[in-house]
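Reader: I am new to this structure and would like a close look at a single part of it. Please take one strand and work outwards from there.

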Amino acid sequence: MAKTVIFFGSTTGTCEDIANRIAAKNGADVKNASELTAESVADYDVLLLGSSTWGAGELQDDWFGPCEVLKGLNLSGKTVALFAVGDYSAYGDTFCGALAPLYEAVKNTGAKIVGQVSTDGYTFDASEAVVNGEFVGLALDESNEPEKTDARIDAWLASF
């Protein structure tokens, strides 16, 4: 079985709650993004990277240093999936934009990136996290659609 870790960045606790809910479903270890180093990812086969979205689609603060670490890693042989929490009602034009810098950080690392999610069933105006009609990872909205979260997590986990 693949050894999995979830690294999350959360200011209000919502993304941390999501990380723990995902871990309860797949047995992953859970760590704050600030703990991400080359050494801390070495023993894992699967990296799940999550962030809350702030301001105009920005990454949560704990990710700024770790994103630079990720860009410099060789993740060949590892699988990476992304998730983010956003608010389509208040920030519909940048919904779950935090996925975009996470994706940019890992796309050239040699990792197998999985877990893209169709935009079907989502309400939002725009997002930098949409590539070819799909979110580059799991987009969640605990503010407006908490009743959809568990089903979306289950479908996402089943996709890889």
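How many bridges join β5 to β10, and do the two run parallel or antiparallel?

Author: The model is a predicted one. Three bridges join β5 to β10, and the two strands run parallel. One position shows how they line up: Phe 83 stands opposite Leu 138 in β10.

β10 is one of several partners of β5. Strand β3, residues 46–54, also pairs with β5 in the parallel sense, over seven bridges. Here Ser 52 is the residue opposite Val 85 of β5. Strand β6, residues 112–114, is joined to β5 by three bridges, again with the strands running parallel. In that pairing Ala 81 stands opposite Val 114. In general, the strands of a sheet pair through backbone hydrogen bonds, either parallel or antiparallel.

The link from β5 to β6 includes a helix. β5, helix α4 (residues 99–106) and β6 make up a right-handed β-α-β unit. The loop between β5 and α4 holds Cys 96. The phi angle of Cys 96 is near 50 degrees, a positive value in a residue other than glycine. Cys 96 has a relative accessible area of 1%; buried means under 20%, so Cys 96 counts as buried.

The strand itself covers residues 79–85, and seven of its seven residues are buried, so β5 is largely enclosed by the rest of the structure. Its side chains point two ways. Thr 79, Ala 81, Phe 83 and Val 85 point one way, while Val 80, Leu 82 and Ala 84 point the other way, and all are buried. Two residues already met as positions opposite a partner strand are in the first of these groups, namely Ala 81 and Phe 83.

Ser 52, the residue opposite Val 85, leads on to another loop. Ser 10 is in contact with Ser 52, and also with Cys 15, Glu 16, Gln 60 and Asp 62, leaving aside its neighbours within four places in sequence. Ser 10 lies in the loop between β1 (4–9) and α1 (14–26). With a relative accessible area of 14%, Ser 10 is under the 20% limit and is therefore buried. The side chain of Ser 10 reaches the backbone nitrogen of Thr 14 at 3.5 Å. A polar atom of the same side chain lies 3.2 Å from the backbone nitrogen of Glu 16.

On the side of β10, the loop that runs from this strand (138–140) to α5 (146–158) contains Glu 145. Glu 145 is buried, with a relative accessible area of 6%. Leaving aside neighbours within four places in sequence, Glu 145 is in contact with Tyr 88 and Arg 152. Tyr 88 is 57 residues from Glu 145 in sequence, yet their C-alpha atoms are 9.3 Å apart in space. With Arg 152 there is a polar contact from side chain to side chain, at 2.9 Å.

A separate sheet offers a contrast in the sense of pairing. It is an open sheet of three strands in the order β7-β9-β8, with antiparallel pairing. β7 (117–118) and β8 stand at its edges with a single partner strand each, so one side of each is left without a neighbour in the sheet. β8 and β9 are joined by two bridges and run antiparallel. Val 130 has Phe 135 in β9 as its bridge partner. The loop between β8 (130–131) and β9 (134–135) holds Asn 132. Like Cys 96, Asn 132 has a positive phi in a residue other than glycine, here near 55 degrees. Cys 96 is buried, whereas Asn 132 is exposed, with a relative accessible area of 77%.

Last, the chain as a whole. Its secondary structure comes to five helices and ten strands. The radius of gyration is 14 Å, close to the 15 Å that the globule rule gives for 160 residues, so the chain is as compact as a globular protein of that length. Along the principal axes, its C-alpha atoms fill a box of roughly 40 × 30 × 30 Å. Of the 160 residues, 49% count as buried. Among the contacts with a separation of 6 or more, 73% come from residues 24 or more positions apart.

Definitions and conventions: Residues are numbered from 1 along each chain as its sequence is written. This is a predicted model: local features need pLDDT of at least 70, side-chain atom pairs count only at pLDDT 80 or more; totals for chains, interfaces and linings use all residues. Side-chain values use heavy atoms; hydrogens and water are left out. Helices (H or I, at least four residues) and strands (E, at least two) are DSSP runs, numbered from the N terminus. Buried means under 20% relative accessible area, exposed over 50%, partly exposed in between (1.4 Å probe, protein chains only). Contact means heavy atoms within 4.5 Å. A polar contact is a pair of N or O atoms within 3.5 Å; within protein, one must be able to donate a hydrogen and the other to accept it, and residues adjacent in sequence count only if both atoms are side-chain atoms. Two strands pair if DSSP finds at least two bridges between them. A crossover is right-handed if, with the strands pointing away from the viewer, the path from the first strand over the helix to the second runs clockwise. The radius of gyration is taken over C-alpha atoms; the globule rule is 2.2 Å times the number of residues to the power 0.38.
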